[in-house]
Structures are given as structure tokens and as C-alpha cells.
Amino acid sequence: MRHNGGPDSASSGGRSGFLVDAALLVGLGLFWAIYVWPIAVDEQRQGYDISRDVASAVNFQHGQFLSDPAYRGEQLWYPPLSPMLVAGIAYALDVEPASCYRISQLLFNALLPVGFFLFMRFSWGRRAAVLGTIAFLFAMPWWQEEVAHGQPSIHAVAWGWLALLLYVEQHRRASMPWALACGVFQGLSFWHHPIVPAVLAIAMVIQTLWMIPAYRKELEPRRCVRGVTRRMSVHLVATVFVAAPVLYFMLHGPIRNSFPREFVAAGVQSVRIALLGLNPWLWGMGLVGLILSVRRSDLGSRFLVSFLAVTVLAQVPSYLRLYGGSWTRDLPLMVPHDFQRLFQLSWAICIGIGIDGVIRVLVPRVRLLRDNRLSGAVLTAIACAITGAIGFVKAPANLRTYLSPYSMPASLQEAATWVRANTDINDVFACELDLAFRWLNAGTGRKVWLIPPGHTNHRVDWKHRARVLLTLREAPSPEQFWRIARENGIDYVVPSPNWTPLVIRRLTTGETDVTRYLALVHGRSGGVPIYRVREDVNSIRDTR
């Protein structure tokens, strides 16, 4: 995507240029290995959201391809490609899906900064690439804290780099087969996570429309415009065709739980994160880079501006709904943090372009700089320090912000082993939300009665299920407890300090006897107690 009259005079070509680029990539790789290896391997940290994807992978290993991994009887609602791939890799390597996701933070996530550097290197030159990559890793708050997260919404950026490569080839070759290939791949990316490919598709359309006036200056303008529009049409049709099935699973049906779509992360309302701490250097250099990109007519610059515009506009309804009047309450709210994350990625590119542009203006115009052969390198080093020195020092802490050590007490590990060996994948367990989400559903793949609303299918009435769980906890008699559980298809109950049904609390004090209604199937001699809800209260011998 190099722009016309590119800025790459500072980037020597040939063997020496290749060696410099290789050295920079090796340095990037060393940073990643030194800083991320302890997180992923030694400390075994992982993000909270990974539990959702691990549960899906376990269900895929059990042949549950179209079902909701958490709720029995519900359909798939979250993009399945990532857990499908992990399920296959985990099976082939004979490891747990959770281990695959944790090690992906070291291996797959490395493609994010590497892809970022290469995209900028071949679009705007080496200096812009170095500065932009430093801004991406050490100055953009979302990426400072989430670049090593092994979850689909972050992994999707790596797919985005490949989609851009195909898009560039489509333009370079003016080829219909390449347009088809690009569309098919982009449609497949929706099966991994939809936000990045959706923003890419819209930005590609805007960029194509923006460049049509330039095509009219060609020798055969009508033929040129017709070819471009046909290729983009094929691209979009292929994208929609491949993405349609997963979009159907994600969007169809009544919205009984709007929380996953309307969740507003704390960072969206934070000056430090959303407004980059009002840092004048980051905003100033980014604005210079944006102005330079608007003034250029090459593919890369116009695509960058289009992409940036989409990420900004997508956040507007969210902020209007948060801070606007009553008329904004019904505006659509679609995971604003995802768009803000992509905005900061594109703003890091603008910062790299802006600083590079300023240095190119200063060096030939300021005598002191013009007469010094190393002035460009010195200014670049100073700019790197201003942009990312503080973020580099804080990198160890920033990378761990939302990643917690993956640790499960021995009692829960033993109970999970028992559950996997003695229950069916579609048995339903009732327990507290955190245990349901991070232990039972993720650790065994079993269905649960309730997990946190942000990870619950939009077609599931979360509030109703929460009321049932509360009613179950407060049921005054074993018979009422049993009826509520049976009416709602609950097969097992796991009491814990944060959720212990009244009838079980009374059982421990000898106030009641529940053996007719509940069978203690695990934990008689210590460990995690698991009760099975009897199917037939008239047969005490039903002890499965």
C-alpha cells in the first residue's frame, strides 16, 4: 500500500534494507518473548473472557457444533471458528483447550505487532513503522493492556492483516479471482469475530468510492471505474455469502438479554484510556499524520482515513446514549470498546506517519539538522523516547492488567474430573455464577443454569434465570426445591459459600432430610459437594 512518491527515502532497499528490517523484527520478537513468555508460560495467566471460548472448544470436542456451550436447548450465538480451531489443535496435541488459548498469547498474538510493523513498513516506510509500532505497543492504552490477550476479538486483528494483504493484491493485479479470494477470506473472518472484518469491509467500500474520481483521469476511465466497482461487488457478495450463516446465528431471534451487545467497558468512559490521557504529543502527532493521509491519494492513506472514520462513527451512538438526553436512550449500542480499540490501532499508525512527516520537514529546512548526517536518526530516537519510554517501563504491569493466573484449587480439579467421568455433556448444573462460568462450563463443558450476563446468549432471558436461581436458593422445603429444579431441567446442584440453598444449609444442621429429593453423589468424604436432583422422588434407590 505504498503511497505515491513514498516516504521511503530513509529506508534503503536491497540487501542492507532487508537486514535492517530483519534486525528490527528480531528486536520486536525478543521484546515479545521476554515480556510475554512469563505471562503465558511461567505464570499461566489468562483473561476472563477465555472461559467462554474454552467452554465452546470443549463442546466442539463432544460434537456439540450448533448448540450454545452454556445453556441446554439453545443455539450457537458466538462466532465458532476460534474454539473450533482450538478444539482440533488441543485434540491433536493431547492438551486441554485452555492450554492452547494461554500459549496462543505468546505465539498467535505475536502476529499483531509483527503485522502492524510490516503493514506500516511497506506502506509508509521504516521510520514511520518503527514509531507507529512503539505507539501501538507502549502509548495506546487499550493495546498496552490487551495486546497479549488470547481471545477472538484480539486475535481477529491478525486475520485483518492477512485480509489487507489480499486486498492489496486484488488492487495490484486488478484481478477478479483475487477479489473473490479476498471476499471469501473476509467472510470467513466473521466466523472468528465480526467487528474487525465488518470495519474493514465498510472502510474498503469508502476507500473505493473515494478513489473513483482519480480513476476517471485514466486513459479509459469508464472501463477502469467499471472494473473497480465489479471487483468490489464480487468482494462484498463473497463476504456476505460466506458470513451469512454465522451472522444468522449471532443476530436472529428475540433479544431477551441485551447486555453482550450493550456492554460498556470502564475504559470507554475513562480519560486515560478513551482520550489517551489528553496527551498533547499523541494527539498532535496523530493529527499531523491524519492530515498528511487525507492529502495523499494512495491506497494505503485513503484506506487508513476510511478505517479511522468508521471506528469513530461507530462510537458516536454509544457516547450519545451515555451522555445525551432522553432522546438518545434507544440508540443502538454495539460493543463500543471494540471500536475504540481499533480506533487506537489506526491512531498509532497516524502517530507514526505524523512524526515521520515532521522529521522529513525539519531535517532539510533547519541548518543545524541539515548539516548533521545523524540528525534524522537522533530525532527519531528522541521521538521514540517521547512516544513510548513511559509505556515501555510500565509494560510488565500493563500486560498483566486483565490477565490472572490460571489456578484451580485441588478440590475443584478433582470435582471437575468426577463431573467429566460421571455426567453427560448436556446435564445442567446450578451453582454460583463465577463457578458456573470459570469452572464448570469452561472446565468440563457441562451446561449450567446461569453464567454472567455479558457472556450469555442474547436469546436467553437472563433475568428470569437469575430469579429462578434466587428462588432455588431460598426454597423453604426440600419438596419445593425439588419441584423448582425439575421444572427448569436442573440435574445437579453445587453449593458453595456464595450460593448455598436453604435446604442444604438446614441439612448440615440436621434440621431437615433431603435424601428423598437430592442425592449426594460427590463430596461425601470432603471436597466439593455435588447433589443430583432425583428424577423420581418415590424411588430412593435412584442414585445414578
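Helices (H or I, at least four residues) and strands (E, at least two) are DSSP runs, numbered from the N terminus. The model on display is predicted: local features need pLDDT of at least 70, side-chain atom pairs count only at pLDDT 80 or more, and totals for chains, interfaces and linings use all residues. Residues are numbered from 1 along each chain as its sequence is written, and side-chain values use heavy atoms, with hydrogens and water left out.

**The whole chain**

Begin by displaying the entire protein chain, which contains 24 helices and seven strands. Its C-alpha trace spans about 95 × 55 × 50 Å along the principal axes. Of the 544 residues, 54% are buried, where buried means under 20% relative accessible area, exposed over 50%, and partly exposed in between (1.4 Å probe, protein chains only). A contact is defined by heavy atoms within 4.5 Å. Among the contacts in the chain with a separation of 6 or more, 74% are accounted for by residues 24 or more positions apart.

**Past strand 7**

Select Arg534, which is found in the segment after strand 7 (530-533). With 5% relative accessibility, Arg534 counts as buried. Add Asn109 to the selection: Arg534 and Asn109 are 425 residues apart along the chain, and their C-alpha atoms are separated by 47 Å.

**The nonpolar cores**

A nonpolar core is a set of buried Ala, Val, Leu, Ile, Met, Phe, Trp, Tyr and Cys residues joined through side-chain atoms within 4.5 Å. In soluble globular proteins, nonpolar side chains tend to be buried together. The largest core here has 81 residues, and within that core Trp143 and Ile349 touch the most other members. Helix 16 (residues 336-365) gives the most to this core, namely twelve residues.

Centre the view on Trp143. Leaving out residues up to four places away in sequence, Trp143 touches Leu112, Phe136, Ile154, Val157, Arg341, Gln344 and Leu345. A second, separate core comprises 48 residues, including Ile451, Leu472, Val503 and Tyr517.

**Helix 10 and its partners**

Next, show helix 10 (residues 195-215) together with helix 16. Their axes come within 11 Å and cross at roughly 60 degrees; axes are lines fitted to C-alpha atoms, for helices over the stretch in contact, and angles run from 0 to 180 degrees between N-to-C directions. Helix 10 and helix 16 are therefore oblique to each other, given that angles under 35 degrees count as roughly parallel, over 145 as roughly antiparallel, 65 to 115 as roughly perpendicular and the rest as oblique. At this contact, Ile195, Val196 and Val199 of helix 10 meet Asp338, Phe339 and Leu342 of helix 16. By class, five of these residues are nonpolar, none is polar and one is charged; Ala, Val, Leu, Ile, Met, Phe, Trp, Tyr, Cys and Pro count as nonpolar, Asp, Glu, Lys and Arg as charged, and the others, Gly among them, as polar.

Keep helix 10 and replace helix 16 with helix 11 (residues 221-251). The axes of helix 10 and helix 11 come within 10 Å and cross at roughly 175 degrees, which makes the two helices roughly antiparallel. From helix 10, Met204, Val205, Thr208, Ile212 and Tyr215 meet Pro221, Cys224, Val225, Val228, Thr229, Met232, His235 and Leu236 of helix 11. This contact divides into ten nonpolar, three polar and no charged residues.

**Two residues with positive phi**

Most residues other than glycine have a negative phi, and most peptide bonds are trans. Select Gln44, whose phi is positive, near 50 degrees. Gln44 lies in the loop between helix 1 (14-42) and strand 1 (45-47) and is partly exposed, with a relative accessible area of 35%. Move on to Val335, which has a positive phi of about 30 degrees although it is not a glycine. Val335 is in the loop between helix 15 (299-323) and helix 16 and is buried, with a relative accessible area of 12%.

**Two buried helix residues**

Select Leu282 in helix 14 (residues 280-295). Leu282 is buried at a relative accessible area of 4%. Apart from neighbours within four places in sequence, Leu282 is in contact with Ala139, Met140, Leu276, Trp347, Ile351 and Thr387. From Leu282 to Cys224 the C-alpha distance is 39 Å, with their positions 58 residues apart in sequence.

Finish at Arg127 in helix 6 (residues 126-138), a buried residue with a relative accessible area of 15%. Arg127 and Ile355 are 228 residues apart in sequence and 8.8 Å apart in space, C-alpha to C-alpha.
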